[in-house]
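Me: I'm new to this structure and would love a close look at one part of it. Could you take me through how the helices meet, and then show me what lies around them?

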Amino acid sequence: MAGIAKLTPLEGWIKQKIGLAELSLPALRAYQKRMLISTFVYVKERSPFYRHLYKDISSSAIQGPQDWEKLPLIRDKNVREQATRMLCVGQDKIQRIVTLDSSGTTGVPKRIFFSKKDQELTVDFFANGMTTMTQKGDKVLILLPCKRPGGVGDLLAKGLERFGALPLKYGAVDDCEKVVELLFEERPQVIVANPAQMLLVAYCYRQQVEKGAIPFNLQAILLSTDYVADSLKERLTEIFECPIHEHYGMTEMGLGGGVSCSGLHGYHLREADMYWEVVDQNGKALPVGEYGEIVFTTLTREAMPLIRYATGDKGRFLSEPCPCGSILPRLDKVQQRLDSPLDLPALTEIIFMFDGIVDFQGKLVGDELLLTLFCLEAGHQWTPRDIINALPCKTELVVQYGIPAHMYQLKKRQISLETSR
Ligand SMILES: [Zn+2]
């Protein structure tokens with residue numbers, strides 16, 4: 001299989017960052033081991049949180065990945081409650097603070113701090129990751145938040161400019177017709193967007209083509225910020241006839257984590273900036289191929305390094321070599337959140353198999369799912385009964401037509417849980 005797909009540009013980038021003439025997995029692991037140890041020493045010296053957390057662990061006890069399991073996992077709760085105590089630099093070095101309020105069970109917002117150097121790491125990753133699907137001179141329409149300096153769209157645009165691509169900073173989709181108008185006007189080669197918003201844009205685009213607008217070819221689409229169902233990718237491929245890449249990242253990772261190569265299955269990761277593990281319930285690393293919780297450690301972050309940060313995402317490493325021929329490990333498509341009351345990705349897969357659905361919301365009441373489907377327009381080929389029959393659980397279904405207002409808010413899809421009616 002090797003050599004069929006184009007080698008991920010992350011391999012050359014990582015090789016260069018590490019300063020190796022030849023990249024091999026043992027050489028990468030040796031680099032990560034050195035960086036793990038120096039990160040441990042760095043945080044223990046500078047951060048009150050880590051000093052306390054590791055008070056009974058000496059630097060000599062940490063000699064590399066085999067000792068990493070001695071270190072406790074850090075979770076969302078720690079970051080919410082202890083963010084400023086995690087800092088390793090003075091406030092004057094902080095360039096950007098991202099405040100996240102999603103899934104706040106404690107009511108305390110989560111704040112992630114970045115120095116100028118930390119932001120540069122992200123721009124560098126975006127610049128190199130984007131060359132997977134973009135070349136110099138390509139127009140790239142960014143349908144992710146762009147307004148804030150240092151936000152995801154802004155850093156992505158900076159990364160693109162670095163190799164001569166032309167970013168069009170639109171921002172998250174807030175008016176589908178306007179975006180589609182812009183598409184026909186600018187005819188970008190690449191679009192970067194949230195999956196559900198991209199699907200909405202695709203269906204609106206198709207409506208225009210059906211009304212007589214001249215279709216055009218996209219070179220690639222990159223989807224980010226939420227779970228990407230394979231069925232949703234199929235819908236997009238039907239409409240735009242181009243490869244659909246996926247990005248895996250979260251703010252805690254410094255916005256970017258990994259990106260699929262031209263093999264389009266799983267993600268290669270920022271191995272020079274982060275050390276990745278898939279662990280069991282006790283924080284013990286699992287062998288390649290086994291599902292567990294995705295955990296990462298930042299190796300190059302200055303302001304707020306995260307050591308063994310448990311993402312809450314379920315995943316595994318793929319054991320088969322990547323068709324692109326890279327020696328870099330490959331993380332399989334991220335599965336459901338571990339705290340999700342039902343298998344949301346499985347549900348998402350089924351729902352987007354049906355053409356014309358742009359989004360859904362659900363509530364689990366006892367063992368019954370109350371599902372609302374949002375569909376751009378009537379005249380679809382399926383009936384609600386077809387969908388109910390395809391779903392694995394008892395379902396009550398409502399179909400609404402038009403664009404639901406919540407789709408312009410760019411929130412992760414969730415199924416709420418209600419114990420009684
Ligand atoms: Zn690959």
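Reply: Pro195, Met198, Leu199, Ala202, Tyr205 and Arg206 of helix H9 meet Leu232, Arg235, Leu236, Ile239 and Phe240 of helix H10. Please keep in mind that this is a predicted model. H9 covers residues 195-210 and H10 covers residues 230-240; the two pack at an angle of about 30°, with their axes 10 Å apart. The crossing of H9 past H10 is left-handed. Sorted by class, the contact of H9 with H10 holds nine nonpolar residues, no polar ones and two charged ones.

Now follow the chain past H10. Glu241 sits in the loop between H10 and strand E7 (244-248). The phi angle of Glu241 is near 50°, a positive value in a residue other than glycine. Glu241 has 10 other C-beta atoms within 10 Å, and because a count of 12 or fewer means exposed, Glu241 is exposed.

H9 has another partner to look at, helix H8 (residues 176-186). H8 and H9 pack at an angle of about 65°, with their axes 9 Å apart. H8 passes H9 in a right-handed crossing. On the H8 side you will find Cys176, Glu177, Val179, Val180 and Leu183, and they meet Leu200, Val201, Cys204, Tyr205 and Gln208 of H9. By class, this contact of H8 with H9 has eight nonpolar residues, one polar and one charged. Tyr205 is worth finding on your screen: this residue of H9 is among those that meet H8, and Tyr205 is also among those that meet H10.

Next, turn to another pair of helices. Helix H6 (residues 116-130) and helix H7 (residues 152-162) have axes that come within 8 Å and cross at roughly 55°. H6 and H7 are therefore oblique to each other. H6 passes H7 in a right-handed crossing. From H6, the residues making the contact are Gln119, Thr122, Val123, Phe126, Ala127 and Met130, while H7 supplies Leu155, Leu156, Lys158, Gly159, Leu160 and Arg162. Taken by class, the contact of H6 with H7 has seven nonpolar, three polar and two charged residues.

Let's stay with H6 a little longer. At 1.5 Å a residue, its 15 residues should span 21 Å, and the end C-alpha atoms of H6 are indeed 21 Å apart, which agrees. H6 is mostly covered, with twelve of its 15 residues buried. Among the buried ones are Asp118, Leu121, Asp124, Phe125, Asn128 and Gly129. The buried residues of H6 pack against helix H1 (9-18), strand E1 (94-100), strand E2 (110-115), H7 and strand E8 (258-259).

After H6 comes a loop with a residue to pick out. Thr134 has its place in the loop between H6 and strand E3 (139-143). Thr134 counts as buried because it has 26 C-beta neighbours inside 10 Å. Thr134 and Phe163 are 29 residues apart in sequence, yet their C-alpha atoms are 9.4 Å apart in space. Setting aside its neighbours within four places in sequence, Thr134 is in contact with Val140, Leu160, Ala165 and Val190. You have already come across Leu160: it is one of the H7 residues in the contact with H6.

Strand E8, one of the elements that the buried residues of H6 pack against, leads to another loop. Leu264 is found in the loop between E8 and strand E9 (268-269). Leu264 has a positive phi of about 55° although it is not a glycine. With 15 other C-beta atoms within 10 Å, Leu264 is partly exposed.

One more loop residue is Met304, found between strand E11 and strand E12 (309-315). Met304 counts as buried, with 26 C-beta neighbours inside 10 Å. Met304 and Arg85 are 219 residues apart along the chain, and their C-alpha atoms are separated by 9.2 Å. Leaving aside its neighbours within four places in sequence, Met304 is in contact with Met86, Leu87, Cys88, Ile112 and Phe113.

To finish, have a look at helix H2 (residues 25-46). H2 has 22 residues and reaches 31 Å from its first C-alpha to its last, close to the 32 Å expected at 1.5 Å a residue. Its buried residues include Leu28, Tyr31, Met35, Phe40 and Val43. The buried residues of H2 pack against H1, helix H3 (48-53), helix H4 (65-68), strand E10 (274-279) and strand E11 (292-298).

Notes: Residues are numbered from 1 along each chain as its sequence is written. This is a predicted model: local features need pLDDT of at least 70, side-chain atom pairs count only at pLDDT 80 or more; totals for chains, interfaces and linings use all residues. Axes are lines fitted to C-alpha atoms, for helices over the stretch in contact, and angles run from 0 to 180 degrees between N-to-C directions. Helices (H or I, at least four residues) and strands (E, at least two) are DSSP runs, numbered from the N terminus. Angles under 35 degrees count as roughly parallel, over 145 as roughly antiparallel, 65 to 115 as roughly perpendicular and the rest as oblique. A crossing is left-handed if the near helix is turned anticlockwise from the far one by less than a right angle, and right-handed if clockwise. Two residues are in contact if their C-beta atoms, placed from the backbone, lie within 7 Å. Ala, Val, Leu, Ile, Met, Phe, Trp, Tyr, Cys and Pro count as nonpolar, Asp, Glu, Lys and Arg as charged, and the others, Gly among them, as polar. The expected span of a helix is 1.5 Å times one less than its number of residues. A residue is buried if 20 or more other C-beta atoms lie within 10 Å of its own, exposed if 12 or fewer, and partly exposed in between; C-beta atoms are placed from the backbone.
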